[in-house]
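The following paragraphs lead the reader through one protein model, beginning at its surface and then turning to the chain as a whole and to its charged pairs.

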Amino acid sequence: FFILCTLGLVALSGSRGSSISLLLVLLAFFFHKPMRPFGIVGVILVAGLLAVAPGITDVLVQRFQEHEGGDLGGRVLLWHASLLLIRDNLWTGVGIGNGPSELHRYIASLTSTYAHRPDVPSHSPLLEVAVETGLLGIFLYASAIILAVWQFFWYRRRLYTRDAMIAGYFPLLLGVSVGYFASWSKGGGMDAHPTFFILLGLLVFPAGLLTPGKPRSPDAN
């Protein structure tokens, strides 16, 4: 029921990023036995939705056919402007919260498309952090992501020492993470979104299953 509702909402919203992320999640489920039934059900529901209500995807199809803003919906230009700003403020950035307003001047030097929008973000969390905090900030931000992902894979064996429901946590979160980061990587204002920090917390959860006082080893019981 959840997958069906998600499919309907994504189709009606016309969000290209969300549709791609959902497809990646369903495909990722096929590679792990505990989650394979959900991947199969998802594909069947997609086919059924297209057969029963083909009109529900009209908005989504139109969005994929649009070429407004050029490549990636104009994001390439925003990324170019962001890199120019970072080059001029390499170490400290422009300050937290000042990114969109400062970026507007650089965007204006490249195009007049966003002249009426003084608060356009970089549409890339990593660039948005670099714009506001410089090299040190992006190093700390990226390190948090890398360490969370590393802990998730390093301690995954601990999950298989628990019951079957907990053992399914790794493939479930892996599939969801693939889909989330696919949209997150090109989303505007996602650098400090609550869902981002929730996902980091879920990624480090396997490390928290270690018994206090035991060595932090993936093979420890």
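Which residues make the nonpolar surface patch of about 880 Å²? In this predicted model, the patch is made by Ile20, Leu23, Leu24, Leu27, Phe30, Phe31, Ile40, Val43, Ile44 and Val178. Two helices, H2 (16-29) and H3 (36-52), each supply at least two of these residues. Helix H2 provides the largest share, namely four residues.

Phenylalanine 30, one of the patch residues, is found in the loop between H2 and H3. Its relative accessibility is 30%, so phenylalanine 30 counts as partly exposed; the class of partly exposed residues lies between the buried limit of under 20% and the exposed limit of over 50%.

The chain as a whole provides the setting for this patch. The protein chain contains ten helices and zero strands, and its pattern along the sequence accordingly reads α-α-α-α-α-α-α-α-α-α. Of its 221 residues, 38% count as buried. The accessible surface of the chain amounts to about 12800 Å², and carbon and sulfur atoms account for 70% of that area. Among contacts with a separation of 6 or more, 67% are between residues 24 or more positions apart in the sequence.

The charged side chains offer a second theme. How many salt bridges does the structure hold? There are two. One of them joins the side chains of arginine 87 and aspartate 88, with a distance of 3.5 Å from N to O. The distance falls within the 4 Å cut-off, and therefore the pair qualifies as a salt bridge. Is arginine 87 buried or exposed? Arginine 87 counts as exposed because its relative accessibility is 58%, and the limit for that class is over 50%. Its partner, aspartate 88, has a relative accessible area of 43% and is therefore partly exposed.

The other salt bridge is formed by arginine 105 and glutamate 102, whose closest N and O atoms are 3.1 Å apart. Where do these two residues lie? Both belong to helix H6 (residues 99-108), and they are three residues apart, about one turn of the helix. Glutamate 102 has a relative accessible area of 27%, so this residue is classed as partly exposed.

Methods: Residues numbered from 1 in each chain as written. Predicted model: local features only at pLDDT ≥ 70, side-chain atom pairs only at ≥ 80, totals over all residues. Heavy atoms only, no water. Buried < 20%, exposed > 50% of the residue type's maximum accessible area, 1.4 Å probe, protein only. Contact = heavy atoms within 4.5 Å. Areas by Shrake-Rupley, 256 points an atom, 1.4 Å probe, with all protein chains shown as cover. Patch = residues over 30% accessible without salt bridge, like charges linked within 9 Å, V, L, I, M, F, W, Y side chains within 5 Å.
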